[in-house]
Amino acid sequence: MSDEHDTERAFFGRRKGKALREGQASRMEGLLPALRLPVGEISDLKALFPIPVEAVRLEIGFGGGEHLLSRMRESPQIGFIGCEPFINGMAKFLAVVEQEGLRNVRLWDGDAALLLPRLPEGALDAIDLLYPDPWPKRRQRKRRFVSDRILALFARALRPGGRFRFASDIDDYVGWTLARLLRSTDFDWADERADDWRQPYPGWIRTRYEAKAVKAGRVPSYLTARRRPAS
């Protein structure tokens with residue numbers, strides 16, 4: 001049975017927390033528009049970056065940006081799209097981008113579900129969805145970002161063989177995601193042994209959220225799936 005969202009959107013969280021400081025507000029008004037993806041259908045993702053990039057990867061809900069920034073630094077030849085609707089997280093991320101002069105990133109501060117259909121087919125090398133809001137109450141589960149419809153949008157945007165990674169410390173959400181991956185005709189679950197999903201991804205940077213989860217006794221899982229070749 002499909003669990004598609006009632007509308008095209010998939011983001012239901014908070015947009016803003018504490019009031020921004022002057023410098024943060026300035027970057028949101030100046031730097032963010034310069035890095036924000038254009039409105040409308042996008043025909044060439046690589047052309048949006050000011051430097052040549054070999055491939056483009058997407059991280060949805062990057063929070064404070066610890067993981068995304070780490071990947072950007074280790075792979076300057078890769079273009080990254082960071083999606084984060086939470087204003088405070090975006091402002092924190094922009095400060096580091098400006099300070100370090102990072103150029104291999106474009107940003108989207110809206111709902112990723114509305115961005116995905118605008119991306120060229122097969123244009124992404126990888127998608128990361130790390131510690132999304134679990135919406136643990138039963139009546140809230142329809143708000144979870146992972147759904148059959150979202151996985152179909154992922155498959156459309158990923159190249160054949162492209163990877164999708166999902167990490168969470170909430171067992172129910174891990175099972176929810178795995179069930180939808182296994183029934184999808186577009187993905188193959190890449191993990192073969194228990195350690196494949198129990199051990200962090202290579203080069204993994206533990207975020208503050210994950211550290212809190214582990215301290216609280218929750219065990220993270222790290223799923224990996226691959227986009228099947230077109231039949």
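Visitor: What makes the approach of the N104 side chain to the backbone oxygen of S75 a polar contact?

Guide: The distance. The model is predicted, and in it the N104 side chain reaches that oxygen of S75 at 3.3 Å. The cut-off for a pair of N or O atoms is 3.5 Å. The pair falls within the limit, so it counts as a polar contact.

Visitor: Which other backbone oxygen does the side chain of N104 reach?

Guide: That of I78, at 3.1 Å. This value also lies within 3.5 Å, so the same term applies.

Visitor: Why is N104 called buried?

Guide: Its relative accessible area is 3%. Buried means under 20%. The value is under the cut-off, so N104 is buried. As for its place, N104 belongs to the loop between α3 (87-100) and β3.

Visitor: Which residues are in contact with N104, leaving aside its neighbours within four places in sequence?

Guide: F49, I51, M72, S75, P76, I78, G79 and F80. Each has heavy atoms within 4.5 Å of N104. S75 and I78 also supply the backbone oxygens, S75 at 3.3 Å and I78 at 3.1 Å.

Visitor: How do you know that β2 and β3 pair?

Guide: Count the bridges. Two strands need at least two. Strand β2 (residues 78-83) and β3 have 4, in the parallel sense. They meet the criterion, so they pair. One of the links joins I81 to its bridge partner R106 in β3.

Visitor: What is the order of the strands in the sheet?

Guide: β3-β2-β1-β4-β5-β7-β6. The sheet is open, has 7 strands and shows mixed pairing.

Visitor: Why are β3 (105-108) and β6 (187-189) called edge strands?

Guide: Each pairs on one side only. From one strand to the next, the twist averages 20°.

Visitor: What runs beside β1?

Guide: β2 and β4. With β2 there are 6 bridges, and the two run parallel. With β4 there are 4, again parallel. R57 shows both links: its bridge partner in β2 is F80, and in β4 it stands opposite A126.

Visitor: What makes β1 mostly covered?

Guide: The strand spans residues 55-60, and 5 of its 6 residues are buried. Each of those 5 is under 20% relative accessible area.

Visitor: How does the chain cross from β1 to β2, and with which hand?

Guide: Through helix α2 (residues 66-74), in a right-handed β-α-β crossover. Point the strands away from you: the path from the first strand over the helix to the second runs clockwise, and therefore the crossover is right-handed.

Visitor: Why is α5 described as largely enclosed?

Guide: 7 of its 10 residues are buried, so the rest of the structure largely encloses α5. The buried ones are R149, I150, L151, L153, F154, A155 and A157.

Visitor: Is Y131 buried or exposed?

Guide: Buried. Its relative accessibility is 13%. The cut-off is under 20%, so Y131 qualifies. It sits in the loop between β4 (124-130) and α5 (148-157).

Visitor: What is notable about the phi of Y131?

Guide: Phi is near 55°, a positive value in a residue other than glycine.

Visitor: How many residues does the chain have, and what percentage of them are buried?

Guide: The chain has 231 residues, and 50% of them are buried. Its secondary structure comes to 8 helices and 7 strands.

Key. Residues are numbered from 1 along each chain as its sequence is written. This is a predicted model: local features need pLDDT of at least 70, side-chain atom pairs count only at pLDDT 80 or more; totals for chains, interfaces and linings use all residues. Side-chain values use heavy atoms; hydrogens and water are left out. Buried means under 20% relative accessible area, exposed over 50%, partly exposed in between (1.4 Å probe, protein chains only). Axes are lines fitted to C-alpha atoms, for helices over the stretch in contact, and angles run from 0 to 180 degrees between N-to-C directions. A polar contact is a pair of N or O atoms within 3.5 Å; within protein, one must be able to donate a hydrogen and the other to accept it, and residues adjacent in sequence count only if both atoms are side-chain atoms.
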